[in-house]
Amino acid sequence: MTLPAVRSSSSLRHWDPFREFEDLYSQMGRWMDSVAGRLDEGVRAWSPLADVTETEDAYLVEVELPGIKRDDITIDVVGTELAINGEVKEKERQGWFRHRTRRTGQFAYRVTLPQDVNADKIEATLDEGVLTVRVPKTEAAKPRRIAISGK
């Protein structure tokens, strides 16, 4: 006896295989957290969402940090590693949590930058919950057009 085929009304063009990998990665992370246990919640750091983009003259690191004050964030550069650390402080609340998904405590984001950056001219701004770190490239790394000579 054969079973009827289940067909979906949604088209395949909306399928995103990378979304499935992201979901799997998230589920595996939750599973690993539950297996490893929460030994010391104060020491464990989480990593905020971030994008790293490259322009002609700089690398831009945009990190989502909603509700975090400028004084609670530190940015360090050691060699070619950019480190963004901070803390989301827990607010005093009354009552019992029925559902909780907000993260609190220490956070850390690290990214290794290429060798062609000018670490002395790094700038950072915090606007509407997004920390933008602009890491300029050195003059040697900037693209330039070469003129062709000859007859």
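**Notebook: strands, sheets and two buried polar residues**

**Entry 1. The β6-β7 hairpin.** I began with the hairpin of β6 and β7, where 2 residues lie between the strands and E128 takes a positive phi near 50°. Strands here are DSSP runs of E with at least two residues, helices are runs of H or I with at least four residues, and both are numbered from the N terminus. I note that the model is predicted, that local features need pLDDT of at least 70 and side-chain atom pairs pLDDT 80 or more, and that totals for chains, interfaces and linings use all residues. Residues are numbered from 1 along each chain as its sequence is written, and side-chain values use heavy atoms, with hydrogens and water left out.

**Entry 2. Overall make-up.** I then looked up the secondary structure, which comes to 1 helix and 7 strands. Along the sequence, the pattern reads α-β-β-β-β-β-β-β. I recorded an accessible surface of about 13,100 Å² for the protein, with 52% of it belonging to carbon and sulfur atoms (Shrake-Rupley method, 1.4 Å probe). Of the 151 residues, 17% are buried, that is, under 20% relative accessible area (exposed is over 50%, partly exposed in between; 1.4 Å probe, protein chains only). Among contacts (heavy atoms within 4.5 Å) with a separation of 6 or more, 53% come from residues 24 or more positions apart.

**Entry 3. The sheet of four strands.** Which strands make up the open sheet of 4 strands? I found the order β1-β2-β7-β6, with antiparallel pairing (two strands pair if DSSP finds at least two bridges between them). Its edge strands are β1 (50-54) and β6 (123-127), each pairing on one side only. The twist averages 15° from one strand to the next (axes are lines fitted to C-alpha atoms, for helices over the stretch in contact; angles run from 0 to 180 degrees between N-to-C directions).

I went through the sheet pair by pair.
- β1 and β2 run antiparallel and are joined by 5 bridges; a hairpin of 3 residues connects them. A50 has V63 of β2 as its bridge partner, and T53 stands opposite L60 in β2.
- β2 and β7 are antiparallel, with 7 bridges. L60, opposite T53 on the β1 side, has R134 as its bridge partner in β7.
- β6 and β7 are antiparallel, with 5 bridges. Here A124 stands opposite V133 in β7.

**Entry 4. The sheet of three strands.** The other open sheet that I looked up has 3 strands in the order β3-β4-β5, paired antiparallel. Its edge strands are β3 (73-78) and β5 (105-112), each of which pairs on one side only. Neighbouring strands of this sheet are turned by 15° against each other on average, direction ignored. β4 (residues 81-88) runs antiparallel to β5, with 8 bridges between them; among the paired residues, V88 has G105 of β5 as its partner.

**Entry 5. The nonpolar core.** Which residues have the most contacts inside the largest nonpolar core? They are V61, I84 and F107, in a core of 18 residues (buried Ala, Val, Leu, Ile, Met, Phe, Trp, Tyr and Cys joined through side-chain atoms within 4.5 Å). β2 (58-64), β4, β5 and β7 each supply at least two residues of this core. I listed the surroundings of F107, leaving aside residues up to four places away in sequence: F107 touches A45, W46, P48, L65, I68, I73, I84, N85, G86, E87 and V88.

**Entry 6. N85.** Is N85 in strand β4 buried or exposed? N85 has 19% relative accessibility and therefore counts as buried. Its side chain makes a polar contact with the side chain of R110 at 3.2 Å (N or O atoms within 3.5 Å; within protein, one able to donate a hydrogen and the other to accept it, and residues adjacent in sequence counted only if both atoms are side-chain atoms). Beyond four places in sequence, N85 touches D72, I73, T74, D76, F107, A108 and R110.

**Entry 7. K137.** Where does K137 lie? K137 is in the segment after β7 (130-136). Its relative accessible area is 7%, so K137 is buried. What does the side chain of K137 reach? I found a polar contact with the side chain of E54 at 2.6 Å, and the K137 side chain also reaches the backbone oxygen of T55 at 3.0 Å.
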